[in-house]
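Biologist: Hello! Could you walk me through this structure and tell me how each label is earned?

Modeller: Gladly, let us look at it together.

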Amino acid sequence: MAAASDHTVLQFVAPSSTASATNTTVLTARIHPLVIFNVCDCFVRRPDSAERVIGTLLGSILPDGTVDIRNSYAVPHNESSDQVAVDIDYHHNMLASHLKVNPKEIIVGWYSTGAGVNGGSALIHDFYAREVTNPIHLTVDTGFTNGEGTIKAFVSSNLSLGDRQLAAQFQEIPVDLRMVDAERVGFDVLKATAVDKLPNDLEGMELTMERLLTLINDVYKYVDSVVEGQTDPDNNIGRVIADAVASLPKLPPQVFDNLVNDSLQDQLLLLYLSSITRTQLSLAEKLNTAAQML
């Protein structure tokens with residue numbers, strides 16, 4: 001597909017009354033970290049002449065209207081100041097391959113790297129609007145413009161006067177980035193502009209425990225503030241805290257410490273055994289190479 005750009009693009013950074021006036025439904029995009037990792041990997045592997053990469057977003061629409069984005073793949077394209085060309089055949093072949101693996105995933109939108117939208121984005125969005133109703137446009141700032149990789153999501157609608165299209169309006173929607181603690185450690189490393197080295201298992205556990213202690217201190221401060229009358233009590237928060245306390249094992253502190261220490265020693269033993277196995281395989285490979293040379 002090749003198309004020339006004569007679009008005027010309007011970008012709104014927050015939901016407003018304009019959205020309802022143009023029949024644009026304000027949605028919420030729930031993004032899994034695998035999608036962000038795929039986007040960054042495609043950007044690193046892009047051709048030297050490409051300024052940004054684009055791709056297709058896969059997922060599902062939840063009953064509450066949330067767009068759940070679980071997977072993605074890159075789509076080759078060429079882009080200039082006034083023209084965009086997308087490899088449609090590649091897009092359809094990749095879609096067919098993904099549907100064979102997970103037939104429940106559908107196209108929910110597309111992504112691009114960069115800090116915002118432009119005229120080329122309007123053309124690409126028009127193509128995906130023919131593939132799916134009201135597609136999501138996800139942007140990932142791989143250039144770290146503000147010191148971190150900003151992630152934004154948009155929906156688009158056309159502003160027209162009679163039969164004449166005046167502009168393409170991109171309305172920003174809320175983004176919910178869902179990840180577990182292990183994925184968050186990797187994401188924090190990924191969005192940092194400079195990293196001395198990747199954390200090992202013990203360092204990752206230490207970071208997780210520090211974050212857990214910070215959350216526990218926040219809960220202590222909230223409870224003390226409510227007891228002292230400085231903060232109005234919230235029944236929903238109280239139920240969550242009560243459920244968390246009720247889920248703790250009813251064990252003496254010494255027994256609980258022994259369980260934690262035993263589990264930690266088991267993990268250290270596994271790390272030691274895996275290190276020995278890697279060393280043995282490396283020695284066997286070198287001996288095999290030396291034997292072949294002799």
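Biologist: What makes the contact between the side chains of aspartate 41 and arginine 45 a salt bridge?

Modeller: First, please keep in mind that this is a predicted model. The N to O distance between aspartate 41 and arginine 45 is 2.9 Å, and the cut-off is within 4 Å, so the pair counts as a salt bridge. In general, side chains of opposite charge can pair when their charged atoms come close.

Biologist: Why is arginine 45 called exposed?

Modeller: Its relative accessible area is 67%, and exposed means over 50%, so the label fits. Aspartate 41 has 36%; that value lies between 20% and 50%, so aspartate 41 is called partly exposed.

Biologist: Which residues does arginine 70 pair with, and how do you know that they are salt bridges?

Modeller: One partner is aspartate 68, with the closest N and O atoms 2.9 Å apart. Another is glutamate 105, where the closest N and O atoms are 3.8 Å apart. Both values are within 4 Å, so both pairs pass. Arginine 70 sits in strand β5, while glutamate 105 is in the loop between α3 and β8, 35 residues apart. Through shared partners, Asp68, Arg70 and Glu105 are joined into one network.

Biologist: Are these three residues buried or exposed, and why?

Modeller: Aspartate 68 has 7% relative accessibility and glutamate 105 has 8%. Buried means under 20%, so both are buried. Arginine 70, at 23%, is above that cut-off but not over 50%, so arginine 70 counts as partly exposed.

Biologist: What makes methionine 209 fit for a nonpolar patch on the surface?

Modeller: Methionine 209 is in helix α6 and has a relative accessible area of 44%. A patch residue needs over 30%, so methionine 209 passes that test. The patch also includes Leu202, Met205 and Leu271, and its residues together have about 870 Å² of accessible area. Helix α6 gives the most to the patch, with 7 residues.

Biologist: What makes the lining of the second largest pocket nonpolar or polar by class?

Modeller: Leu, Ile, Val, Ala and Tyr count as nonpolar, while Ser falls among the polar ones. The lining includes Leu212, Val219, Tyr220 and Ser247, and by class it has 11 nonpolar, 1 polar and no charged residues. This pocket holds about 350 Å³ of space.

Biologist: And how does the lining of the largest pocket divide?

Modeller: There you find 11 nonpolar, 14 polar and 6 charged residues, around a volume of about 580 Å³.

Notes
Residues are numbered from 1 along each chain as its sequence is written. This is a predicted model: local features need pLDDT of at least 70, side-chain atom pairs count only at pLDDT 80 or more; totals for chains, interfaces and linings use all residues. Side-chain values use heavy atoms; hydrogens and water are left out. On a 1 Å grid over the protein atoms alone, a cavity is a set of points where a 1.4 Å probe fits but cannot get out, and a pocket is an open set with protein on both sides within 12 Å along at least five of seven lines; lining residues have an atom within 4 Å of a point. Grid points are joined across faces, edges and corners, and a volume is the space filled by probe spheres set on the points. Patches are made of residues with over 30% relative accessible area and no salt bridge: like charges are joined within 9 Å, nonpolar side chains (Val, Leu, Ile, Met, Phe, Trp, Tyr) within 5 Å. Accessible areas come from the Shrake-Rupley method with a 1.4 Å probe; for residues, only the protein chains shown count as cover. Helices (H or I, at least four residues) and strands (E, at least two) are DSSP runs, numbered from the N terminus. Buried means under 20% relative accessible area, exposed over 50%, partly exposed in between (1.4 Å probe, protein chains only).
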